[in-house]
2 protein chains.
Amino acid sequence: MPPTVFVVDDDPSVRKSLERLLRLSGFHVQTFASAEEFLACRPCQKPKEPACLVLDVRMPGISGINLQQELVKAGTLLPVVFITGHGDIPMTVQAMKNGAVDFLPKPFAEEELLAAVEQALAKAARLHQEAAEKAEIERRISTLTPREYEVFRWVITGMLNKQIAAELKVTEKTVKVHRARVMQKMQAASVADLVRLAEKGGISPPRRDSFPE
Amino acid sequence: MPPTVFVVDDDPSVRKSLERLLRLSGFHVQTFASAEEFLACRPCQKPKEPACLVLDVRMPGISGINLQQELVKAGTLLPVVFITGHGDIPMTVQAMKNGAVDFLPKPFAEEELLAAVEQALAKAARLHQEAAEKAEIERRISTLTPREYEVFRWVITGMLNKQIAAELKVTEKTVKVHRARVMQKMQAASVADLVRLAEKGGISPPRRDSFPE
DNA sequence: CGAGCTATTGGACCAAGGTCCAATTTACGG
DNA sequence: CCGTAAATTGGACCTTGGTCCAATAGCTCG
């Protein structure tokens with residue numbers, strides 16, 4: 001199935017020609033006449049397949065820049081390619097700071113847009129991949145009991161079972177049990193794996209209770 | 001000691017006023033009349049302290065954009081704040097894609113420039129920190145003998161000594177010795193530490209020789 | 001050629017990790 | 001009030017990892 005390109009532009013003729021161009025290039029296209037209309041389409045903002053957004057900067061109502069900001073704030077991983085007839089430099093800077101893939105002033109060559117869209121879709125694929133991995137890791141973490149989670153965080157600091165036991169004020173035996181469950185649930189074959197999973201999952205090491213020195 | 005701000009602009013009056021503004025704001029300032037002049041200053045491109053570059057886009061000879069590109073290619077970690085009198089959107093996009101912190105069309109408010117410079121210096125501090133860490137890790141890795149390096153790469157995959165020994169076609173004993181040296185030289189207290197050092201140092205796991213299945 | 005570094009291995013020993021068995025206590029929801 | 005899940009602990013046993021000792025062989029550099 002071809003990747004989807006969303007197009008948001010208030011000018012019907014632009015929508016029409018963009019849709020035609022993109023379809024002929026093999027993409028699935030969905031157009032919207034305004035930012036509001038796009039926002040109304042919930043599934044569009046968290047597509048299951050990699051997708052990207054071709055967005056007009058200047059539109060009645062919510063501007064393209066504002067729409068992008070909203071999407072970023074919402075954590076939507078939808079790379080944006082801006083097109084504009086009347087853009088200025090501060091606007092461009094803002095858009096790029098917010099992670100836009102490209103910012104094309106009209107008129108632009110068709111190849112320019114297509115290149116930008118390709119790049120945006122490539123980025124979308126990367127983001128999707130990373131998000132999926134992170135989600136899977138977080139899913140596994142969510143199956144840990146509170147105690148197991150504690151042990152998990154200590155283990156990835158490289159501490160010995162004995163030390164962790166002292167930290168949690170339990171016996172080494174208990175730590176071993178929890179630790180084994182953590183390895184199982186996280187599907188890690190070694191401490192090395194566990195450390196990598198923790199890094200990707202953004203797990204911070206705990207701060208110690210006791211001060212040995 | 002205050003951080004340094006490099007200023008490159010062909011207009012003497014701009015240099016003068018920028019230098020004055022930045023000095024009054026507490027920065028150490030060094031000005032250049034052209035990209036060539038800046039490039040001639042070798043130490044400026046790899047400063048020991050965090051620094052940043054305020055750069056005019058349009059200049060005779062090498063343009064600001066090209067200078068930035070050269071610096072990026074050379075791996076210089078010098079955040080750039082662009083200023084320009086006659087910039088256009090494609091130029092802005094290019095500059096931002098190359099990692100510019102900001103792109104200010106003249107005339108701009110003094111506060112705008114100062115804010116951008118502050119941000120650039122903050123970024124410089126981060127980059128410096130990261131580069132220093134990476135350099136230190138690479139220094140440690142460079143002290144490893146070839147064999148130790150091999151063992152290092154296998155250890156961080158989480159393999160057992162026995163398995164590594166089979167992989168290298170030596171006895172488990174030998175692996176233990178190398179492994180101990182690796183831990184020493186890398187200054188790692190645990191496998192968890194070692195894995196993190198490897199990640200930061202960009203060490204890739206080796207591909208296996210033998211196929212157990 | 002001898003000095004020094006590297007790679008290799010052996011033995012002995014202890015500490016630590018992992019696993020199988022089973023058990024008790026606590027807390028929460030139906 | 002009972003069943004389930006979580007947390008805790010014990011014992012026995014084996015595998016691994018880490019460390020101390022010492023030794024041999026190949027190699028390169030003065």
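Which elements of chain B make a right-handed β-α-β unit? They are β1(B), helix α1 (residues 12-24) and β2(B), as the first view shows. All views are of a predicted model, in which local features need pLDDT of at least 70, side-chain atom pairs count only at pLDDT 80 or more, and totals for chains, interfaces and linings use all residues. Residues are numbered from 1 along each chain as its sequence is written, and chains are lettered from A and ligands numbered from 1 in the order in which they are written.

**View 1. The β-α-β unit of chain B.** Strand β1 (residues 4-8) of chain B pairs with strand β2 (residues 28-32) of chain B in the parallel sense over five bridges (strands pair if DSSP finds at least two bridges between them). Val5(B) stands opposite Val29(B) of β2(B). Helices (H or I, at least four residues) and strands (E, at least two) are DSSP runs, numbered from the N terminus. A crossover is right-handed if, with the strands pointing away from the viewer, the path from the first strand over the helix to the second runs clockwise.

**View 2. Superposition of chain B on chain A.** A turn of 180 degrees and a shift of 0.1 Å along the axis lay chain B on chain A with an RMSD of 0.1 Å (least squares on the C-alpha atoms of residues with pLDDT of at least 70 in both). The two copies are thus related as by a two-fold rotation axis. The same surface serves both copies, and 100% of the contact residues of chain B recur in chain A (contact: C-beta atoms, placed from the backbone, within 7 Å).

**View 3. The surroundings of DNA strand C.** DNA strand C is surrounded by 15 residues, the closest being Asn161(A), Thr145(B), Arg147(B), Val170(B) and Thr174(B) (near: C-beta atom, placed from the backbone, within 6 Å). Two or more residues come from each of α8 (161-168) and α9 (172-186) of chain A, and α7 (146-155) and α9 (172-186) of chain B.

**View 4. The surroundings of DNA strand D.** Around DNA strand D lie 15 residues, of which Thr145(A), Arg147(A), Val170(A), Thr174(A) and Asn161(B) are the closest. At least two residues each are supplied by α7 (146-155) and α9 of chain A and by α8 (161-168) and α9 of chain B.

**View 5. Glu49(A) in its loop.** Glu49(A) is found between α3 (42-45) and β3 (51-56) of chain A. Leaving aside neighbours within four places in sequence, Glu49(A) contacts Met1(A), Pro3(A) and Thr4(A).

Conventions. Contact = placed C-beta atoms within 7 Å.
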